[in-house]
Amino acid sequence: MWPEAGHLALIMAAWVALAQAVLPLWGSLSVRRAHWQALARPLAQLQLGLIVLSFLALWHAFYVHDFSVVYVAHHSNTLLPTPYRLSAIWAGHEGSLLLWVLMLALWSVAVATFSKRLPQALVAQVLGVMGAVSVGFLAFILALSNPFERQFPAPTEGRDLTPLLQDPGLVIHPPMLYMGYVGLSVAFAFAMAALLSGRLDAAWARWARPWTVAAWGFLTLGIALGSWWAYYELGWGGWWFWDPVENASLMPWLVATALIHSLMVTDKRGQFKAWTVLLAIGAFSLSLLGTFLVRSGVLTSVHAFATDPGRGVFILLFLAVVVGVSLALFAWRAPQWANASQPVAGSRESFLLLNSVLLVVAMAAVLLGTLYPLIIDALNLGKLSVGPPYFDRVFVPLMVPLLLAMVPGSVVPWHVARWAALRQLVVPGALALLAASAWASWGAPPQDAGAPLATAGGWLTVMGGTLGGWIVLSGVWQIAQRLRLPGSPGLAWWGMHGAHLGVAVLVLGITGVKSFEVERDVRLGLGETVTVAGVRYQLISVDNHLGPNYLALRARMQVFEGERMVGTLQPEKRRYVSSAMPMTEAAIDRNLWRDRYVSLGEPLAGEPAQWSFRVYHKPYVSWIWLGAVFMVLGGGLAAFDRRYRQAHAQGQVQAVLPARDPVPAVSGDWRAVATGAKP
């Protein structure tokens, strides 16, 4: 009866979510009854408990191989290793939605737990909005995507988990990505609460900042894990292909990055209030759009769920309701900010505005390239493919001014233009240019006899190296200058520099691997060798290997630098027993400066026996994911800055507003509640 208990728990969770959406909001906006507002926290906790029960029921069905549950029969079998039975829960459409609502419930309880010093009316509004979002997803699961659907008689064996997903990276990648996707609902809920109450000032921005940064950190980690998984698992040696589903995760990340910087200005200066709300709406709406793209059946991708279009229509309607209601509410409140002050050109807020606008433009370019082929196809105007060349030519040029504005945006002061402050960045910029020029001239790997000449990097290498080096050297200079002053900077300051360092390392990694990588497609017989980037690879053996639920052809290659053997690589070509689907398992020799990457292809006809191989030399590729790690750590530091909690505890949330930027008085506003003053 575990599946029935899980299904019943989902039904009860939907009713609890409905109560969470209605009662606290009604109590805060209409009748102002404190005891109705106080229901928000226990209802959020009750909803989480019910969804956890449902999740455990599905896990139990996978663990005991209950193939009477249709979802289990489609995504598992008796040979599936135990760790992958857990990841199989979110391997398909129904289970991934259950993971989504679980993450949403976790975020709701986190807000309820760590926002006890916030005004009760605000918490009621935030949790009420999150409850409304949960109602939509739970209704979707119960109406169209029930993971507990039964079948009788039950089959004796299941179909198995898709081989692509039988990997440790896929055990942790989806939960991290979903934590980021769903975490953006917190920023959205804070923005909706601000619009509902009519008070859009520095207070709500400060309260929303740590939650937004935390969600951004999870989304960054999720995207990085997905890129890393594709690099080592798919066998093609790439780390980003501009796949539509990859784009679906990149778009909300770009807008969330813009939102973080805009929230900073709204917190510090009380400006960009309308822009910040639009970014919060846009970031969460794009996460819903990604859900539609992955689950509607309109995309063909290794990441997408093959589902019927009826489910896509539901998500599209839900997206339309969310966007429509939030924009209507925004339009209702917009006249209050018609006379908002403008940033001074050359001030910190002007650079942050430039960065956020460029990020949104970059998102729009990715959105156009992702949706335009789908629109053309839907109108029966033919098939159109938009691939990496479009994105490289449109997206990359937008990143150059963004990176150029990043450093001044952290140096110049608030509210005033001090161009003299930029002179201090000349020396780091000159040093970065010199280092990048030397890197482009002498960074190419050794030439291989008989191979096409590998030239050193060109002007793109110099540009990427200069931008990345400038961010690093300028950050070091700023840290040295700040440590000379009395007092210690807050965690948010260190987090900013950690995240910027991560961006620089990412840029340097992309530049290095794009400029200096070497690729060779070869056919080798036993004992034959190939030389790539001055390193010799010799094929020693090709043997059969039996795995827990697959048969593999495993090659053994010895790696030589000169006459000295420096390692052994064992790439595989697997065929899974239940599906007979072939999978490539690349062998990678990693260090901080380069990867040696070998993937095994198919056996070739003829005598003597030969096999196809793809051999890569990939300099600096690990820096791509190292940069993501720095960004996540920087975001974590910023999210845990004590100043946010101190402001809540002391009731000293202040809006720094210019005199010409009046804020209309609203009865019962949050700041009055926070300070104890009468509205």
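How far apart should the ends of helix 6 (residues 93-114) be at 1.5 Å a residue, and what does the model show? The expected span is 32 Å for its 22 residues, and the end C-alpha atoms sit 32 Å apart, which agrees. That expectation is 1.5 Å times one less than the number of residues.

This is a predicted model, where local features need pLDDT of at least 70 and side-chain atom pairs count only at pLDDT 80 or more, while totals for chains, interfaces and linings use all residues. Residues are numbered from 1 along each chain as its sequence is written, and side-chain values use heavy atoms, with hydrogens and water left out.

**The chain overall**

- The chain has 20 helices and 10 strands; these are DSSP runs numbered from the N terminus, helices being H or I with at least four residues and strands E with at least two.
- Of the 679 residues, 56% count as buried (under 20% relative accessible area; exposed is over 50%, partly exposed is in between, with a 1.4 Å probe and protein chains only).
- Take the contacts (heavy atoms within 4.5 Å) with a separation of 6 or more: 74% of them come from residues 24 or more positions apart.
- About 28200 Å² of the chain is exposed, and carbon and sulfur atoms supply 66% of that (Shrake-Rupley method, 1.4 Å probe; for residues, only the protein chains shown count as cover).

**Helix 1 and its surface patch**

- Glu-4 lies in helix 1 (residues 2-29) and is partly exposed at 32% relative accessibility.
- Glu-4 is 50 residues from Ser-54 in sequence, yet their C-alpha atoms are 9.3 Å apart.
- Trp-15 is in helix 1 too, and it counts as exposed because its relative accessible area is 61%.
- Trp-15 belongs to a nonpolar surface patch with Leu-8, Ile-11, Met-12, Leu-18, Val-22 and Trp-26, together offering about 700 Å² of accessible area.
- Patch members have over 30% relative accessible area and no salt bridge; like charges are joined within 9 Å, and nonpolar side chains (Val, Leu, Ile, Met, Phe, Trp, Tyr) within 5 Å.
- An α-helix has 3.6 residues a turn, so residues three or four places apart point the same way.

**Helices 6, 13 and 16**

- Helix 6 is largely enclosed by the rest of the structure, because 19 of its 22 residues are buried.
- Helix 16 (residues 459-483) has 25 residues and an expected span of 36 Å; its end C-alpha atoms are 36 Å apart, so the two agree.
- The buried residues of helix 16 include Gly-464, Gly-465, Gly-468, Gly-469, Trp-470 and Gly-475.
- Those buried residues pack against helix 14 (388-406), helix 15 (426-442) and helix 17.
- Asn-355 is found in helix 13 (residues 348-378), and at 7% relative accessibility it is buried.
- Setting aside neighbours within four places in sequence, Asn-355 touches Leu-402, Ala-405 and Met-406.

**Nonpolar cores**

- The largest nonpolar core has 168 residues, and Met-130, Phe-190 and Trp-204 have the most contacts inside it.
- Helix 8 (residues 168-197) brings the largest share of this core, 18 residues.
- A second, separate core has 20 residues, among them Val-522, Leu-524, Val-532 and Val-542.
- A core here is a set of buried Ala, Val, Leu, Ile, Met, Phe, Trp, Tyr and Cys residues joined through side-chain atoms within 4.5 Å.

**Salt bridges**

- The count comes to 16 salt bridges, each being a side-chain nitrogen of Lys or Arg within 4 Å of a carboxyl oxygen of Asp or Glu.
- Glu-517 pairs with Lys-618, with the closest N and O atoms 2.5 Å apart.
- This pair links distant parts of the chain, 101 residues apart: Glu-517 is in the loop between helix 17 (491-516) and strand 1 (518-525), and Lys-618 is in strand 10 (residues 610-619).
- Glu-517 is partly exposed at 34%, whereas Lys-618 is buried at 3% relative accessible area.
- Arg-536 and Glu-563 form another salt bridge, at 4.0 Å from N to O.
- Since Arg-536 lies in strand 3 (residues 535-546) and Glu-563 in the loop between strand 4 (550-561) and strand 5 (564-569), the pair ties together parts 27 residues apart in sequence.
- Arg-536 is partly exposed at 22% relative accessibility, while Glu-563 is exposed at 73%.
- Asp-589 and Arg-596 meet at 3.4 Å, N to O; Asp-589 is partly exposed at 25% and Arg-596 is buried at 5%.
- Asp-589 and Arg-596 are also in a salt-bridge network with Glu-561, Arg-564 and Arg-594.
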